[in-house]
Amino acid sequence: MAVYVEGWGRPGDTALIARDSSGAVGGAAWFRFTAAIPEVTIGVQELWRGIGVGTRLLTELHAAARRAGITQLSLSVEHDNRALFLYERLGYVVHLRDGGAATLVVQLEQP
């Protein structure tokens, strides 16, 4: 996990946080360059799942990437992760399978 957070704040590191009106954090999503294609990490608190928080975080993260001129994002996911449906719905496709996990890539249309 260190590759996704260590030295945060490098050029290109981009993050979003979901908060409610009281300031409680329900989720976060970010991308950073760890390879040729920036990698996405997302986490949503259990009580915040199923109400669109993950969709909103990724949609806004995709928009930020497009504004930065980024044309692709990737993420890794276990095959039994419930969020796989969300990623596929947002256009992520399998790029590489490795045991019980897969690397997915989404092509971002430029404005």
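What share of the contacts in the protein with a separation of 6 or more comes from residues 24 or more positions apart? Some notes on that and a few other things, with the reminder that this is a predicted model.

1. **Contacts along the chain.** The answer is 51%: that is the part of the contacts with a separation of 6 or more that residues 24 or more positions apart account for.

2. **Fold order.** You'll find three helices and six strands here. Walking along the sequence, they come in the order α-β-β-β-α-β-α-β-β.

3. **Overall dimensions.** A compact globule of 111 residues would have a radius of gyration near 13 Å, and the protein comes in at 14 Å, so the two agree. If you want a box to picture, the C-alpha atoms fill one of roughly 40 × 35 × 30 Å along the principal axes.

4. **Inside and outside.** Of the 111 residues, 36% are buried. The accessible surface is about 6800 Å², and carbon and sulfur atoms hold 54% of that.

5. **Charges.** The protein carries 10 positive and 11 negative charges. Take the mean position of each set and you get two points 6 Å apart.

6. **Helix α2, the geometry.** This helix covers residues 53-67. Its 15 residues, at 1.5 Å a residue, should span 21 Å, and the end C-alpha atoms are indeed 21 Å apart, so expectation and model agree. After α2 comes Gly 69, which has a positive phi, near 80 degrees.

7. **Helix α2, the buried side chains and their cover.** Which residues of α2 are buried? The list runs Val 53, Gly 54, Leu 57, Leu 58, Leu 61, His 62, Ala 63, Ala 64 and Ala 65. As for what lies over them, the cover includes the strands β1 (14-19), β2 (25-32), β3 (39-44), β4 (72-78) and β6 (101-107). Helix α3 (84-89) is also part of that cover.

8. **Leu 84, worth a click.** This residue sits in helix α3. Is Leu 84 buried or exposed? Its relative accessibility is 18%, and the cut-off for buried is under 20%, so Leu 84 counts as buried. Leaving aside residues up to four places away in sequence, Leu 84 touches Val 77, His 79 and Leu 104. For a distance to check in your viewer, try Leu 84 to Ala 102: they are 18 residues apart in sequence and 9.8 Å apart in space, C-alpha to C-alpha.

Definitions and conventions:
Residues numbered from 1 in each chain as written. Predicted model: local features only at pLDDT ≥ 70, side-chain atom pairs only at ≥ 80, totals over all residues. Heavy atoms only, no water. Helix = DSSP H or I, 4+ residues; strand = E, 2+ residues; numbered from the N terminus. Rg over C-alpha atoms; globule rule 2.2 N^0.38 Å. Buried < 20%, exposed > 50% of the residue type's maximum accessible area, 1.4 Å probe, protein only. Contact = heavy atoms within 4.5 Å. Areas by Shrake-Rupley, 256 points an atom, 1.4 Å probe, with all protein chains shown as cover. Lys, Arg positive; Asp, Glu negative; His and termini not counted. Charge placed at Lys NZ, Arg CZ, Asp CG, Glu CD. Expected span 1.5 Å × (residues − 1).
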